[in-house]
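Let's take a friendly walk through a structure together. Have your viewer ready, and turn the model as you read.

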Amino acid sequence: MTESLRITVMKVRNGPDSFSSAAGEIALNNRELSSRTEEQAANEQNDGIAQINIAMEQIDTTTQQNAALVEESSTAAQLMAEHATIISDRVRVFRLDATHKASEGIGVEQLRSLPV
């Protein structure tokens, strides 16, 4: 029993030192954890910014491709309108009014003489 009492007394006497040591370790661990958390947050933020940059580059590329397609479509529409006018002018000779019969239409020689 005296041995047990002696151990208890030593623990009580060393208590303030043990507490101080434990508090120091807790503070050190807290600083380490805080530092790791900040580092991880910074890494995640950098990753997020990199992903945004990639997405913006893809949007820019797609926008440029769309602009090129719009320009091509506009050119094609303009060309088709020109061709439609030419075809309309050429087909106009085949129209008959109410006084003409189909057999009285334009002759083959007249068709051959039309500008192409």
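What follows goes from the overall fold to a charged pair and then to a nonpolar patch.

Keep in mind from the start that this is a predicted model. The protein has two helices and zero strands. It is 116 residues in length, and 0% of them count as buried. In total the protein exposes about 10500 Å², with carbon and sulfur atoms supplying 58% of that area.

Now for the charged pair. The structure holds one salt bridge, and Glu-32 forms it with Arg-36. Their closest N and O atoms are 3.7 Å apart, which fits the cut-off of 4 Å for such a contact. Why can these two side chains be partners along a single helix? Glu-32 and Arg-36 sit four residues apart in helix H1, so about one helical turn separates them. As for their surroundings, Glu-32 is partly exposed, at a relative accessible area of 37%. Arg-36 counts as exposed because its relative accessibility is 57%, with the line for exposed drawn at over 50%.

Next, follow helix H1, which covers residues 2-91, to Ile-87. Which residues join Ile-87 in a nonpolar patch on the surface? They are Val-91, Val-93 and Phe-94, and the four together have about 340 Å² of accessible area. Ile-87 itself is exposed, with a relative accessible area of 52%. That value allows Ile-87 a place in the patch, because patch residues need over 30% relative accessible area.

Definitions and conventions:
Residues are numbered from 1 along each chain as its sequence is written. This is a predicted model: local features need pLDDT of at least 70, side-chain atom pairs count only at pLDDT 80 or more; totals for chains, interfaces and linings use all residues. Side-chain values use heavy atoms; hydrogens and water are left out. Patches are made of residues with over 30% relative accessible area and no salt bridge: like charges are joined within 9 Å, nonpolar side chains (Val, Leu, Ile, Met, Phe, Trp, Tyr) within 5 Å. Accessible areas come from the Shrake-Rupley method with a 1.4 Å probe; for residues, only the protein chains shown count as cover. A salt bridge is a side-chain nitrogen of Lys or Arg within 4 Å of a carboxyl oxygen of Asp or Glu. Buried means under 20% relative accessible area, exposed over 50%, partly exposed in between (1.4 Å probe, protein chains only).
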